[in-house]
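The following note sets out comments on the domain arrangement, the chain interface and the nonpolar cores. The points are numbered for ease of reply.

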Amino acid sequence: MHDATPGATPADAMAADDTHREFPGARTPDRSWRLDANGVGIAINEWGDADAPVLMCVHGGADFSRTFDVFAPLLAAGGWRVVAWDHRGHGDSDHTHLYSFDADLRDAVCVFDAVAPNRPVAVLGHSKGGAMMTTLADAQPYRFQRFVNIDGVPYRRPGPDLAEHQRATTLRADLDGWLAHRRRTAGNTRKPGTIAELARRRGAMNPRLSTEWLEYLVTVGARHDDDGWRWKLDPSMRMGGFGPWRPEWALYRLAGVDFPFLGVLVGADEPMGWGTRPRHVEPYVPATGRLEYFEDLGHFIHIEAPEMTADLVLDFLGDPR
Amino acid sequence: MTTAGNTAATEPTVTLRHNRVELALHRIREATGDAHPLLLLHGLGERTPDHTPDVVASWDGEIWGLDFTGHGASTLPVGGGYTAEILMGDADLAVDHLGTCTVVGRGLGGYVALLIAGARPDVVHGAVIADGPGLTGGAVSPTSQAVVRLADVGRTPDPYALLELGRDLRPPDYALDFVQMATSTSHLDEPLCVAAAFRPTWLEAVAGAPGVAQMGLPDALDLYR
């Protein structure tokens with residue numbers, strides 16, 4: 001943390017806010033490359049032996065592939081070529097005209113086609129990435145060998161259960177907010193700040209993660225401009241999009257999975273989670289799958305407890321060879 | 001749409017900015033009387049007609065048409081990602097530009113007319129849902145939708161628009177949410193009108209809801225003039 005110093009100029013503050021942070025166990029990707037996904041540039045990061053069996057790792061909403069900087073090296077050490085990409089509008093991938101779940105899936109297929117064409121691979125998805133891969137597992141099961149879903153099984157919209165008249169009011173407010181965002185988003189830019197300021201902002205969404213980790217994330221997920229750091233996430237994107245899609249539809253698709261499946265759920269609620277509990281998912285767990293539940297851990301279990309989570313995943317995946 | 005003979009389109013075409021997309025809002029015809037503007041929303045794969053369609057020629061206010069994202073003279077996005085809600089955002093900018101207006105939508109444009117009538121009931125003075133391409137939409141429950149990559153054709157209409165907006169989810173209860181928002185706020189007794197002969201599931205639900213008229217387009221225009 002860098003506190004403001006009385007009398008210090010912005011230039012002084014910038015100078016003090018150096019551009020590098022270390023985090024125990026965090027490792028820069030072994031390989032980084034870009035892919036043209038139907039005109040959208042997608043940034044891909046890899047850890048591990050380039051000739052090892054592929055393990056696709058799919059990040060969640062508002063995250064980016066470098067959030068796997070600790071977790072991915074642990075998986076790579078287990079003998080996997082870990083491949084993660086930044087979704088369009090996230091991380092180092094292009095900001096583009098339109099964003100949708102379908103478009104994210106299409107970009108994902110481009111990555112699969114480039115990395116592992118015509119053969120099934122191991123897949124891990126976290127949060128929105130888990131919901132995406134559950135949907136892809138239903139649409140294109142031939143791409144999957146084994147599937148790990150880390151707290152990416154929504155069972156309802158986030159927020160409290162509401163009476164009908166309250167729901168209508170909420171819907172109106174959501175719609176007004178969404179359209180207001182669409183009207184002003186043409187000129188939007190992200191607010192600049194110091195590493196500490198960006199980390200503090202992200203901390204509101206990631207309250208269980210350490211300041212040290214969040215500051216590290218700034219240095220690998222934000223851009224350092226002349227007037228400060230800015231998260232790379234496209235400012236035209238907005239959490240809580242508006243539309244007819246029901247989060248629980250991904251849950252229903254889970255029931256049809258016919259390859260080994262591991263679902264990881266957590267008990268500590270936080271803003272980015274769906275609050276899904278085992279009782280919500282158990283009816284839809286396929287015969288080829290199982291659930292693991294961690295009462296005292298949160299939505300970012302792979303960041304909170306990377307070694308334990310990696311061991312769990314590696315044990316489930318088995319010998320990569 | 002067939003068009004009314006020699007009623008040529010007139011300038012101006014207004015460019016509206018929706019995030020990184022430039023939308024073309026065309027004035028098809030100047031006012032011949034006192035009515036407020038009429039906004040036409042085209043169907044899937046269509047564009048704003050060059051001339052006043054016969055079916056709305058009786059309207060004596062200005063007649064405008066909006067080219068949706070990826071259609072007509074509006075921007076061709078890269079890599080798809082269409083939703084009907086994005087087109088609602090397109091329409092929102094158009095009604096914000098025009099002020100009080102009546103909206104007539106063909107097919108997909110009819111669905112968007114419903115959405116914008118629910119979203120802006122204080123500005124949309126009646127919305128008419130008419131037959132046209134893209135009226136049906138896609139599933140109303142979870143399905144295994146193909147994840148498809150398409151060849152870039154480099155011009156509108158965008159093939160990704162045809163793919164994604166031809167199968168976007170339209171659950172009836174979601175459509176009814178917009179009916180409720182329109183009817184609960186509009187000062188009109190019947191702020192929505194179904195003029196379409198074909199009624200997919202979502203539209204059948206809309207047509208049966210309180211506050212929704214059912215009549216032909218000419219009568220609907222009389223209702224909202």
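1. The model is predicted. Chain A is divided into domain 1, covering 27–157 + 246–317, and domain 2, covering 164–230. The centres of these two domains of chain A, taken over C-alpha atoms, are separated by 22 Å.

2. Between the domains of chain A, 14 residues of domain 1 are in contact with nine residues of domain 2. On the domain 1 side of this contact, the residues comprise seven nonpolar, three polar and four charged.

3. As regards the interface between the chains, 36 residues of chain A are in contact with 34 residues of chain B. On the chain A side, the elements that give two or more residues are α3 (101–115), α4 (128–139), α5 (164–184) and α8 (248–254). The largest share comes from α5(A), with seven residues. By residue class, the chain A side of this interface divides into 20 nonpolar, nine polar and seven charged.

4. The largest nonpolar core has 74 residues, and those with the most contacts inside it are B:Leu39, B:Val112, B:Ala113, B:Leu114 and B:Ile116. Domain 1 and domain 2 of chain A each supply at least three residues to this core. In general, nonpolar side chains of soluble globular proteins tend to be buried together.

5. Which residues does B:Leu39 touch, not counting residues up to four places away in sequence? They are B:Trp64, B:Leu66, B:Ala94, B:Val95, B:Leu98, B:Cys101 and B:Val103.

6. Another core, of 73 residues, lies apart from the largest one; A:Ala108, A:Val123, A:Met132 and A:Ile301 are among its members.

How values were computed
Residues are numbered from 1 along each chain as its sequence is written. Chains are lettered from A and ligands numbered from 1 in the order in which they are written. This is a predicted model: local features need pLDDT of at least 70, side-chain atom pairs count only at pLDDT 80 or more; totals for chains, interfaces and linings use all residues. Domain bounds come from an automatic or database domain assignment. Two residues are in contact if their C-beta atoms, placed from the backbone, lie within 7 Å. Ala, Val, Leu, Ile, Met, Phe, Trp, Tyr, Cys and Pro count as nonpolar, Asp, Glu, Lys and Arg as charged, and the others, Gly among them, as polar. Helices (H or I, at least four residues) and strands (E, at least two) are DSSP runs, numbered from the N terminus. A nonpolar core is a set of buried Ala, Val, Leu, Ile, Met, Phe, Trp, Tyr and Cys residues joined through C-beta atoms within 7 Å. A residue is buried if 20 or more other C-beta atoms lie within 10 Å of its own, exposed if 12 or fewer, and partly exposed in between; C-beta atoms are placed from the backbone.
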